[in-house]
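Subject: Structure handover

Hello,

Here is the structure you asked about. Please open it next to this note, and read on for what turned up.

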Protein chains: 2
Amino acid sequence: MVDFARVGCIGELLVEFVCTSRNGRHRRAGEYLGPYPSGAPGIFIDQAAQVGGRCIFVGAVGDDAFGEVTRQRLIQHGVSPQLIRVVKGAATGSAFVSYNDDGSRDFVYNIAHSAASQFDVDDATATALRDFRLDVMHVSGSALGDPDMAAKALKAVRGLHADGVAISFDPNVRKELVGHPAYLGAVKEMIGMTSIFLPSEEDAEALFPRRALNDVADEFFAGGARAVVLKKGDRGAEGVTRDGERASFAAHRVEARDPTGAGDCFCATFVTLWANGAFNFHDALARANAAGALAVTKVGPMEGNSDLATIEALLRAAA
Amino acid sequence: MVDFARVGCIGELLVEFVCTSRNGRHRRAGEYLGPYPSGAPGIFIDQAAQVGGRCIFVGAVGDDAFGEVTRQRLIQHGVSPQLIRVVKGAATGSAFVSYNDDGSRDFVYNIAHSAASQFDVDDATATALRDFRLDVMHVSGSALGDPDMAAKALKAVRGLHADGVAISFDPNVRKELVGHPAYLGAVKEMIGMTSIFLPSEEDAEALFPRRALNDVADEFFAGGARAVVLKKGDRGAEGVTRDGERASFAAHRVEARDPTGAGDCFCATFVTLWANGAFNFHDALARANAAGALAVTKVGPMEGNSDLATIEALLRAAA
């Protein structure tokens with residue numbers, strides 16, 4: 001068996017608070033659970049480390065207790081903190097989510113003026129990433145919404161892509177930004193460098209309206225990509241590779257308690273197991289599908305991340 | 001009976017979250033209650049309005065749900081929102097408090113880079129304050145910790161002081177800043193303009209170490225002040241006026257659930273009832289002492305604020 005992949009990721013680190021009373025829309029006092037370590041890129045790298053990846057992260061937190069919550073969680077699971085900056089005098093980024101009976105969610109964010117985007121992508125960062133000998137660098141589209149963070153993520157990815165590092169990309173589209181040329185430009189530049197494309201169905205519909213998976217995948221393969229995987233939420237996942245492998249899975253039936261982070265967990269599991277051939281396409285996707293199911297059973301964005309043994313146990317129980 | 005005072009205040013508006021699990025120090029996920037409207041100046045003006053003051057506030061919130069929580073609470077209680085700015089794209093200031101079994105508290109703040117200090121003190125503000133025909137303008141020392149906010153608060157107070165408006169000042173000393181010349185300079189400039197001085201015992205000890213109340217009060221009276229009142233927490237309060245009135249009260253015995261905000265509530269009750277003679281010194285101080293006791297019985301910084309009828313009811317019950 002080969003070693004698992006060496007995986008990098010870049011973007012916002014946050015803490016998240018989850019409101020346990022419904023329909024409050026953050027406009028009246030209620031009960032919240034937190035601070036949970038969060039940020040889509042943070043959820044991704046935590047899971048990549050949990051399933052056995054050698055991981056490094058480029059991001060920033062404030063020099064407060066919330067920053068420690070997120071930073072220490074990643075360290076605990078083996079992520080290298082070398083490129084996680086602790087910004088003096090800045091508040092750690094935060095997100096508050098509240099659920100409504102009509103299925104909608106309300107958010108309050110403190111990201112734009114927080115520590116979250118205050119990481120460096122300079123020559124030292126590029127050298128450290130090169131020295132880490134990455135197999136794959138992952139970007140979540142959540143990091144492209146902030147122009148400053150997007151510029152730094154793209155700069156890092158350009159260098160690694162030029163060095164031959166595979167790029168995986170979860171577009172995680174922010175629909176309200178699709179009309180902004182700068183945002184759409186960043187997404188398109190990422191797509192042009194992508195080796196592993198991991199959209200949700202909503203992402204695929206926003207970026208490639210009314211087009212079938214095969215059709216979109218062929219376009220990616222023509223551009224040099226190796227795999228396209230479609231995340232279908234509670235209807236499972238399906239994917240196809242440039243080499244003609246195909247796999248499709250129904251979702252595991254679990255009690256969904258908090259869907260946040262399941263997509264990031266799915267992506268991390270797939271990328272880490274498949275990027276350098278530790279698992280074949282079918283088996284890596286099966287494990288990603290199981291990891292995504294486990295992720296929704298716990299409250300908190302990365303509380304439902306799980307190690308490979310737990311994932312294998314779910315697969316055995318389901319067989 | 002004369003009308004109650006016309007009261008102004010300036011400084012930070014926040015939301016606060018209170019951790020209900022102890023000893024977590026914000027470093028592990030726990031249960032929090034919030035968002036509660038907060039900020040010492042906000043607590044003050046809410047209580048001033050609740051006991052019948054005509055109130056105006058100079059401050060700022062972000063254009064998010066948390067900002068609405070605090071702004072709407074003040075509006076609900078009759079505070080004029082004319083000078084409360086809603087800052088586009090900024091996060092509302094926030095504070096997280098967690099209690100420990102050893103009596104200490106841990107805080108996480110997002111204030112410096114939040115909307116909290118982004119209010120204007122320009123000619124239009126000065127005109128609006130003058131048109132409001134204030135009897136008294138209050139400053140909490142909490143607003144002096146941030147240099148930008150301190151400069152704006154001092155600018156507003158200087159103008160009003162020159163116009164003959166009485167200034168009340170709760171030094172609310174931040175001990176860790178006493179060594180900073182700029183902070184101490186702001187506190188001293190405030191003291192020089194103060195008509196009603198309302199320190200806690202800790203404040204008095206930090207600013208006038210080992211000096212008796214009478215001694216400190218005489219110094220204030222020589223400088224033009226009208227009253228000095230010492231807040232002694234769970235041992236009550238005592239005060240003295242330039243005209244030689246004295247009063248001293250033991251604290252009411254109540255179940256203390258959350259001490260945050262009790263001092264601000266005390267100051268607001270006293271200032272609003274006494275500044276223009278609606279109550280005599282003894283009676284105003286008795287009501288401030290009762291309001292402070294009521295304040296600690298509720299979780300949330302200004303949730304324990306109360307109207308005059310509730311305060312009178314406590315006094316009757318205690319008699």
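Which residue takes a positive phi in the hairpin of S12(B) and S13(B)? It is Gly244(B), with a phi near 90 degrees. Four residues lie between the two strands of that hairpin. The strands themselves, S12 (residues 237–241) and S13 (residues 246–249) of chain B, run antiparallel and are joined by four bridges. Within the pair, Ala237(B) stands opposite Phe249(B).

Before going further: this is a predicted model. Chain A has a mean pLDDT of 96, and 99% of its residues reach 70 or more. For the complex, the predictor gives an ipTM of 0.89 and a pTM of 0.92.

The sheet in chain B

The hairpin belongs to an open sheet of nine strands. The order is S5-S4-S1-S8-S9-S10-S11-S12-S13 (chain B), and the pairing is mixed. S5 (84–87) and S13 of chain B are the edge strands. Each has a single partner strand, so one side of each has no neighbour in the sheet.

Elsewhere in that order, S1 (residues 6–10) and S4 (residues 54–62) of chain B run parallel, with five bridges between them. Ile10(B) has Val58(B) in S4(B) as its bridge partner. H7(B) packs on the sheet. That helix touches S10 (196–197), S11 and S12 of chain B. Its direction makes about 145 degrees with that of S11(B).

After H7 comes a loop worth a look. Gly223(B) is found there, between helix H7 (213–222) and strand S11 (227–231) of chain B. Is Gly223(B) buried or exposed? Neither label fits: Gly223(B) counts as partly exposed, because it has 13 C-beta neighbours inside 10 Å. Burial would take 20 or more, and 12 or fewer would make a residue exposed. The C-alpha atoms of Gly223(B) and Met193(B) are separated by 8.5 Å, with the two residues 30 apart along the chain.

One more helix in chain B: H9 (residues 281–295). It has 15 residues and spans 21 Å from first C-alpha to last, close to the 21 Å expected at 1.5 Å a residue. H9(B) is mostly covered, with 13 of its 15 residues buried.

The sheet in chain A

Chain A also has an open sheet of nine strands with mixed pairing, in the order S5-S4-S1-S8-S9-S10-S11-S12-S13 (chain A). Its edges are S5 (84–87) and S13 (246–249) of chain A, each with a single partner strand, so one side of each is left without a neighbour in the sheet. S9 (residues 166–170) and S10 (residues 196–197) of chain A pair in the parallel sense over two bridges. There, Phe169(A) has Phe197(A) as its bridge partner. Helix H7 (residues 213–222) of chain A packs on the sheet and touches S10, S11 (227–231) and S12 (237–241) of chain A. The angle between the directions of H7(A) and S11(A) is about 145 degrees.

Where the chains meet

In the interface, 25 residues of chain B are in contact with 25 residues of chain A. On the chain B side, the elements giving two or more residues are S3 (30–38), H2 (65–76) and S7 (105–110). S3(B) gives the most, with six residues. By class, that side has 13 nonpolar, six polar and six charged residues.

The S3 strands also pair across the chains. S3 (residues 30–38) of chain A and S3(B) are antiparallel over five bridges. Among the partners, Leu33(A) is matched with Glu31(B).

Best wishes

Notes
Residues numbered from 1 in each chain as written. Chains lettered and ligands numbered in written order. Predicted model: local features only at pLDDT ≥ 70, side-chain atom pairs only at ≥ 80, totals over all residues. Contact = placed C-beta atoms within 7 Å. Nonpolar A, V, L, I, M, F, W, Y, C, P; charged D, E, K, R; others polar. Pairing = 2+ DSSP bridges. pLDDT = per-residue confidence, 0-100. Axes fitted to C-alpha atoms, helices over the stretch in contact; angles between N-to-C directions. Expected span 1.5 Å × (residues − 1).
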